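Colleague: I have a few questions about this structure before I go back to the bench. Can we go through them one at a time?

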Amino acid sequence: MFTASQSRSRTTGVLLTVGIVALTLTTAAVAIVVAAWAPHPLIARFSWLPRVGLIGYTLVTIVGYLVMGPYFTLGFIAKGVEVVLIALLVTDILRVYGSFGGLLSAARNSIFNPSGDTSLNA
């Protein structure tokens, strides 16, 4: 039988969990959304970074899970979702930059050629 304090504790736990999940989704999605739609030149210059960062982070979580476990059905489902996420990010990179070479060129230019003057590369 639940007491009033246990009920509040359960409600608090649910609210905390919802808040944590919402904030995690927000921080993960905001970087991608801002990079895709923000018209500011500085953001556009580094729009490749959230894509590459999210791919890297996702790869690390997959490898970490495979190395350390614990192995259970939900964990493998989550890793499957992460593989699909990587596939979508790669598709987006190819859509925006044309190729991985185009991505590398955009990254190099954003760091070493911030003015956008391509005559320095010739």
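Colleague: Is Phe46 buried, partly exposed or exposed?
Modeller: Bear in mind that this is a predicted model. Buried means under 20% relative accessible area, and exposed means over 50%. Phe46 has a relative accessible area of 24%. That value lies between the two cut-offs, so Phe46 is partly exposed.

Colleague: And Trp48, buried or exposed?
Modeller: The cut-off for buried is under 20%. Trp48 has a relative accessible area of 10%, so Trp48 is buried.

Colleague: How many aromatic pairs are there in the whole structure?
Modeller: A pair of aromatic rings is described by the distance of the centres and the angle of the planes. The search covered the whole structure, and the number of aromatic pairs found is five.

Colleague: Why is the pair of Phe46 and Trp48 given the class it has, and what is that class?
Modeller: The ring centres of Phe46 and Trp48 are 6.4 Å apart. Their planes meet at 45°. Stacked needs under 30 degrees and edge-to-face needs over 60. The angle fits neither, so the pair of Phe46 and Trp48 is tilted.

Colleague: What about Tyr65 and Phe72: which kind of aromatic pair do they form?
Modeller: Centre to centre, the rings of Tyr65 and Phe72 are 6.4 Å apart. The angle between the planes is 80°. Over 60 degrees is the cut-off that matters here, so the pair of Tyr65 and Phe72 is edge-to-face.

Colleague: Which of Tyr65 and Phe72 counts as buried?
Modeller: Phe72 has 42% relative accessibility and counts as partly exposed. Tyr65 has 9% relative accessibility. Buried means under 20%. The residue that counts as buried is therefore Tyr65.

Colleague: Which residues do ring pairs link into a cluster?
Modeller: Tyr65 and Phe72 form an aromatic pair. Both also belong to a cluster linked by ring pairs. Its members are Tyr65, Tyr71, Phe72 and Phe76.

Colleague: What is the area of the nonpolar surface patch that Phe72 helps to make?
Modeller: Phe72 makes this patch with Leu74, Ile77 and Val81. Leu74 is found in helix 4, residues 73-97. At 59% relative accessibility, Leu74 counts as exposed. The area of the nonpolar surface patch is about 410 Å².

Colleague: Where is Ser99, and which backbone nitrogen lies 3.0 Å from its side chain?
Modeller: Ser99 is found in the loop between helix 4 and helix 5. At 32% relative accessibility, Ser99 counts as partly exposed. A polar atom of the Ser99 side chain lies 3.0 Å from the backbone nitrogen of Gly102.

Colleague: Is Ser110 buried or exposed?
Modeller: Ser110 lies in helix 5. Its relative accessible area is 2%. The cut-off is under 20%, so Ser110 is buried.

Colleague: Which side chain makes a polar contact with the side chain of Ser110?
Modeller: The side chain of Ser110 reaches the backbone oxygen of Ala107 at 2.8 Å. Beyond its neighbours within four places in sequence, Ser110 is in contact with Arg45, Phe46 and Trp48. The side-chain to side-chain polar contact is 2.8 Å, and the partner of Ser110 is Trp48.

Colleague: Last one: what pattern does the protein follow along the sequence?
Modeller: The protein has five helices and zero strands. Buried residues make up 19% of its 122 residues. Read along the sequence, the pattern is α-α-α-α-α.

Notes. Residues are numbered from 1 along each chain as its sequence is written. This is a predicted model: local features need pLDDT of at least 70, side-chain atom pairs count only at pLDDT 80 or more; totals for chains, interfaces and linings use all residues. Side-chain values use heavy atoms; hydrogens and water are left out. Rings of Phe, Tyr and Trp (its six-membered ring) pair if their centres lie within 6.5 Å; planes under 30 degrees apart count as stacked, over 60 as edge-to-face and the rest as tilted. Buried means under 20% relative accessible area, exposed over 50%, partly exposed in between (1.4 Å probe, protein chains only). Patches are made of residues with over 30% relative accessible area and no salt bridge: like charges are joined within 9 Å, nonpolar side chains (Val, Leu, Ile, Met, Phe, Trp, Tyr) within 5 Å. Accessible areas come from the Shrake-Rupley method with a 1.4 Å probe; for residues, only the protein chains shown count as cover. A salt bridge is a side-chain nitrogen of Lys or Arg within 4 Å of a carboxyl oxygen of Asp or Glu. Helices (H or I, at least four residues) and strands (E, at least two) are DSSP runs, numbered from the N terminus. A polar contact is a pair of N or O atoms within 3.5 Å; within protein, one must be able to donate a hydrogen and the other to accept it, and residues adjacent in sequence count only if both atoms are side-chain atoms. Contact means heavy atoms within 4.5 Å.
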